[in-house]
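Work through the exercises below with the model open. Try each task before reading its solution.

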Amino acid sequence: MKRTHLFIVGIYFLSSCRAEEGLNFPTYDGKDRVVSLSEKNFKQVLKKYDLLCLYYHEPVSSDKVTQKQFQLKEIVLELVAQVLEHKAIGFVMVDAKKEAKLAKKLGFDEEGSLYILKGDRTIEFDGEFAADVLVEFLLDLIEDPVEIISSKLEVQAFERIEDYIKLIGFFKSEDSEYYKAFEEAAEHFQPYIKFFATFDKGVAKKLSLKMNEVDFYEPFMDEPIAIPNKPYTEEELVEFVKEHQRPTLRRLRPEEMFETWEDDLNGIHIVAFAEKSDPDNQGGTIFPSPVTDTWPKDDP
């Protein structure tokens with residue numbers, strides 16, 4: 001059992017959870033939902049859930065500051081587990097020292113990382129370690145990797161998504177071998193990159209799509225790139241997306257903020273800050289560019 005002061009930490013932490021995301025978190029009820037993962041229970045736990053959210057941590061020392069930091073991470077996971085209790089998502093922790101053999105088997109080498117196991121995929125979470133961010137991230141992961149568009153209203157909604165990389169393809173039906181390749185490719189990038197498909201000729205005409213063609217949209221760019229050499233295999237789609245997934249212009253989002261900061265150009269980022277009400281709506285975007293990172297000396 002966890003020590004009772006974890007409950008107090010949870011109440012304190014809840015007061016700092018952001019309300020603007022629209023997620024109303026309950027008070028931590030004190031029930032343990034996060035378990036320690038070991039070689040002995042790994043297969044049993046893995047079979048039980050569709051997704052396994054795994055925190056790989058260094059051994060907890062006797063230092064009070066380190067213990068407090070660990071407790072805050074633990075309570076975040078407990079809150080997320082409580083909110084998603086009725087979903088097929090498990091929450092576990094792996095001690096880097098006690099379970100070194102298991103960690104090596106799973107390919108974990110960075111202590112303090114959060115991983116999600118989904119089928120044969122391992123997804124590293126590169127976002128803010130906050131309950132609301134994690135809940136939305138995991139809910140996105142349990143959705144279908146491809147969203148189907150079949151009406152004018154859905155086309156309008158698709159066109160309003162401007163701050164994500166997105167792909168859309170036109171296929172004969174869900175049974176098409178080319179749609180299945182597209183769907184399998186989408187699984188490689190879920191939930192960071194949005195994949196859409198249509199089987200409707202009217203929707204395809206509206207979006208200027210030909211049969212078995214896939215268009216690739218960069219964030220904030222109006223005109224897509226038609227992926228060449230259709231129809232495509234899963235491998236060809238994955239290769240193209242990997243080659244083009246570093247956008248010219250992006251919005252800094254909590255679910256991928258650390259991945260964004262790591263993805264620099266020769267150690268350089270240009271960052272623009274703005275209010276959400278900014279008429280240009282460019283707040284929080286990053287412009288990777290081969291320019292100097294030296295700030296003018298008279299800048300505040």
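**Exercise 1. Place the cis prolines.**
Task: In which loop does P231 lie, and which residue does a cis peptide bond join to P231?

Solution.
- Step 1. Locate P231. In this predicted model, P231 lies in the loop between β10 (225–226) and α9.
- Step 2. Check the bond. A cis peptide bond joins K230 and P231, with omega at about -10°.
- Step 3. Look for another case. Q190 and P191 are also joined by a cis peptide bond, and omega is about 0° there.
- Step 4. Place P191. The loop between α7 and β8 (194–198) holds P191.
- Step 5. Put this in context. Most peptide bonds are trans.

**Exercise 2. Judge two positive phi values.**
Task: F220 and N229 both need a check of phi and burial. Is F220 buried or exposed, and is N229 buried or exposed?

Solution.
- Step 1. Recall the background. Most residues other than glycine have a negative phi.
- Step 2. Read the angles. F220 is not a glycine, yet its phi is positive, at about 65°. N229 is not a glycine either, and its phi is positive at about 65°.
- Step 3. Place them. F220 sits in the loop between β9 (214–217) and β10. N229 sits in the loop between β10 and α9.
- Step 4. Apply the cut-offs. Buried means under 20% relative accessible area, and exposed means over 50%. F220 has 16%, so F220 is buried. N229 has 66%, so N229 is exposed.

**Exercise 3. Describe the packing of α7 on α9.**
Task: How do the axes of α7 and α9 cross, and which residues make the contact?

Solution.
- Step 1. Define the helices. α7 covers residues 177–187. α9 covers residues 234–244.
- Step 2. Take the geometry. The two axes come within 8 Å and cross at roughly 40°. The helices α7 and α9 are therefore oblique to each other. Their crossing is right-handed.
- Step 3. List the contact. A181, F182, E184 and A185 come from α7, while E234, L237 and V238 come from α9.
- Step 4. Sort by class. The contact of α7 with α9 has five nonpolar, no polar and two charged residues.
- Step 5. Look at E177 in α7. Its relative accessible area is 57%, so E177 is exposed. The C-alpha atoms of E177 and T233 are 9.0 Å apart, across 56 residues of chain.

**Exercise 4. Do the same for α3 and α5.**
Task: Which residues of α3 meet which residues of α5?

Solution.
- Step 1. Take the geometry. α3 (residues 64–83) and α5 (residues 131–141) have axes that come within 9 Å and cross at roughly 45°. That makes α3 oblique to α5. α3 passes α5 in a right-handed crossing.
- Step 2. List the contact. From α3 come V76, L77, L79, V80 and V83; they meet A131, L134, V135 and L138 in α5.
- Step 3. Sort by class. The contact of α3 with α5 has nine nonpolar, no polar and no charged residues.
- Step 4. Zoom in on L79 in α3. L79 counts as buried, at 1% relative accessibility. The C-alpha atoms of L79 and L134 are separated by 10.0 Å, and the two residues are 55 apart along the chain.

**Exercise 5. Classify the aromatic pairs.**
Task: How many aromatic pairs are there, and which parts does the pair of F125 and F137 tie together?

Solution.
- Step 1. Count. Pairing takes ring centres within 6.5 Å. The count comes to 13 aromatic pairs.
- Step 2. Classify one pair. F125 and F137 lie 4.9 Å centre to centre, with 70° between the planes, and are edge-to-face.
- Step 3. Place that pair. F125 is in strand β5 (residues 121–125) and F137 in helix α5, so the pair ties together parts twelve residues apart in sequence.
- Step 4. Check burial. F125 counts as buried at 6% relative accessibility, and F137 counts as buried at 3%.
- Step 5. Classify another. F171 and Y179 are also edge-to-face, at 5.7 Å centre to centre and 65° between the planes. F171 counts as buried at 1% relative accessibility. Y179 is buried, with a relative accessible area of 4%.
- Step 6. Extend the network. Ring pairs link F171, Y179, F182, F189, F195 and F199 into a cluster.

How values were computed. Residues numbered from 1 in each chain as written. Predicted model: local features only at pLDDT ≥ 70, side-chain atom pairs only at ≥ 80, totals over all residues. Heavy atoms only, no water. Axes fitted to C-alpha atoms, helices over the stretch in contact; angles between N-to-C directions. Helix = DSSP H or I, 4+ residues; strand = E, 2+ residues; numbered from the N terminus. Parallel < 35°, antiparallel > 145°, perpendicular 65-115°, else oblique. Left-handed = near helix turned anticlockwise from the far one by under 90°. Contact = heavy atoms within 4.5 Å. Nonpolar A, V, L, I, M, F, W, Y, C, P; charged D, E, K, R; others polar. Buried < 20%, exposed > 50% of the residue type's maximum accessible area, 1.4 Å probe, protein only. Phe/Tyr/Trp six-rings, centres within 6.5 Å; stacked < 30°, edge-to-face > 60°.
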